[in-house]
Structures are given as C-alpha cells and as structure tokens.
Amino acid sequence: MAEGSNDFNVEARWAYLSYELNDTHRLSAGRFANPIFFQSEYEKVGYAHNYARLPKSVYIGFDFSTIEGIAIDSSFDLGDYSLDTKVLYGNWDGNLFLSATNSEQTLGIKDIISVRGTLSGDWWKLFAGGFITELEGGSLDTVITDVFAAPGVAAAQELGATETDTNNFYDAVAWTGKDGIYWYAGINIEYENWIIDYEYADYGVQDSSGAQNAASYIAVGYRFDKMVLTLHAEEYEQLRDYSFLSSVQHPVLIATGQGIHEALSSREFEGMGLTLRYDFHESATLKVDYFSGEDNRAVVGDYSIMSVGVDLVF
C-alpha cells in the first residue's frame, strides 16, 4: 500500500494466507489489519465508506493498525439474522508518534488477543469488539524516566526519597508490562435512503502514566440516487486518573507523576463535517468534504479543512 503521507512509498501492509476450513470458518495467518475498531479492516479503502476520511476521533491512525498473527473469521446464520465474528492473536513492534514529545518512540505490543462480533438484520448492524495486550515500553519508557521524570526524581532524592521510593515511582509511571485494553461498540442503520452511524471507543494502558482515551462520532446521511450526503459530528478526549500513583509515597514524586500524566493526557478535539459522495462510475466515486472544529493543542487550535478526491477500486 502506498500513501501520500509517506510520499507514496509502497509498503507491504497486508500479506497473508487464508484457508476455508468449512462454510462457517476461515483461518488466516500472516500480516493483516488489526481490527481495532469497526471499520479498521477497510479504513484505507476509501470506496468502501461514505467519508473523505473516516472520523479521526475514532480512526485516529494507529501505527499498530497492521499486525502479524493468526485469525479465525466465522459467519453464522441465525434465521432472520446473521452473526459475523473474528478471533485474532498477534504481535506488533515499531514506532509510535507521541504528541507530548512531538516525535516517534519505539513501542511493542505483544500477545494481542482480539475478539469482535457483528449482528446484522435486514437494515441494521450492531457491533462490538476489543482486544487486550501487554505493552513493551521501548524508548517511550526511557523518555518518561530519563527526560520527563529526571528533574523531579533528583529533587525528591535531595529531599530524602529512598531507593524504594524511586523504584515504586518508576514502576508506576512505566508502560512496560502493563495491559493495554481497547474496546468499541456501535450501530449502523441503512433504512430506505437514510444512513445512520454511531461508534464509541475507549482505550488506554492500565495502571500507567498514560491517559484513558474516549472517542465517538455520529453521522446521518441520505442517498440521492448516485449521491450520498453525510453530516457527522465527532469528539475525542483524554481522561485523567491519578490512581496509578497509589503506591508512591513521596510528595515530590507524586507531583512529578501527576505532571507526567498531565503531559500525556493533554489532547482534546471536536469537529463537524459534511461530505458529498458521487458514484460517477461503478468503480469510482468523487468525494467533496468540508470539516471544521477545535483542537486544544496550541499548534492546532481552530481548524477547517476542505478536500476533493476520487476513490477507485479495481
């Protein structure tokens, strides 16, 4: 896959083998999309959805959206309904952009266990899913301890902090060995010419200095023959919880941990967008999109984006 953000350099994001075990189950192994959220598996296939870009509050563009592992896809006929499920096991390591440092840091997520399901009726879908994984902090932990924490630790030691105090502090703020938990749920409705989408996602690294993230979007669209007009609203926020510092006793180290947590949980944004999709060919669609909103980061602030593009399938 080649993307404009990477100067259209081709990268083998997906490379896997699949075997049909029977009419119900399919086994796959290799490198494939990590179904973090409902549309993650075809997030990059613009023709498959009605947005110029999927709402960024949820589909924020994780670097671990592609993993290596094994998966079982299943489809069950339930009479008037159908149930599609996916169970996956895999691993990932690479670089993750950290807004607090405005740079990429190495990170690993291992022993990913993911489960998702979609229950479908004639004109609706209910979906939910999630995964749990163990973090390997890589250079991210090094930045936290050697850059963010160093001045506070030095000050605490001058004020009598013991080795046990500092070890408890490092254990509290570190990411390595902590569990990452991601989950999402939502509904898709396509009734006559109306289209309604809602998705909520919640994720974070448990008992670490990282923030809990909450994101959602709602969209209402209407189909006019070959055109679809979609209005959507979205929001993203990072929730602060200082309970990860419960084992830290020294007041200077507590304050240092709180400062690190606040630096890693400082992003919020919201926005609204209007997208027009026009299917001018059976394999091509034109999309015109206008999106505006507010980001609490000083380097972004209020923003508005307009884009025009063509999505193709072959």
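The exercises below concern a predicted model.

**Exercise 1.** Find which residues of helix 3 are buried and which are exposed, and state how the buried ones are arranged.

Solution.
Step 1. Helix 3 spans residues 163-173, and its buried residues are Asp165, Thr166, Phe169, Ala172 and Val173.
Step 2. These five positions cover an arc of only 120° around the axis, so they sit on the same side of helix 3.
Step 3. Glu163, Thr164 and Asp171 are exposed, on the other side of helix 3.
Step 4. The buried residues of helix 3 pack against helix 1 (138-148), helix 2 (150-158) and helix 4 (251-263).

**Exercise 2.** Decide whether aspartate 295 is buried or exposed, and list what it touches.

Solution.
Step 1. Locate aspartate 295 in strand 12, residues 284-295.
Step 2. Its relative accessible area is 5%. Buried means under 20%, so aspartate 295 is buried.
Step 3. Leaving out residues up to four places away in sequence, aspartate 295 touches Arg267, Glu268, Phe269, Val300, Gly301 and Tyr303.

**Exercise 3.** Describe the phi and the surroundings of aspartate 207 and aspartate 225.

Solution.
Step 1. Recall that most residues other than glycine have a negative phi.
Step 2. Aspartate 207 has a positive phi, near 55°; for aspartate 225, phi is also positive and near 55°.
Step 3. Aspartate 207 belongs to the loop between strand 8 (194-205) and strand 9 (212-224), while aspartate 225 is in the loop between strand 9 and strand 10 (227-239).
Step 4. Exposed means over 50% relative accessible area. Aspartate 207, at 56%, is therefore exposed, and aspartate 225, at 70%, is exposed as well.

Note on methods: Residues numbered from 1 in each chain as written. Predicted model: local features only at pLDDT ≥ 70, side-chain atom pairs only at ≥ 80, totals over all residues. Heavy atoms only, no water. Buried < 20%, exposed > 50% of the residue type's maximum accessible area, 1.4 Å probe, protein only. Helix = DSSP H or I, 4+ residues; strand = E, 2+ residues; numbered from the N terminus. Arc of directions from axis to C-beta. Contact = heavy atoms within 4.5 Å.
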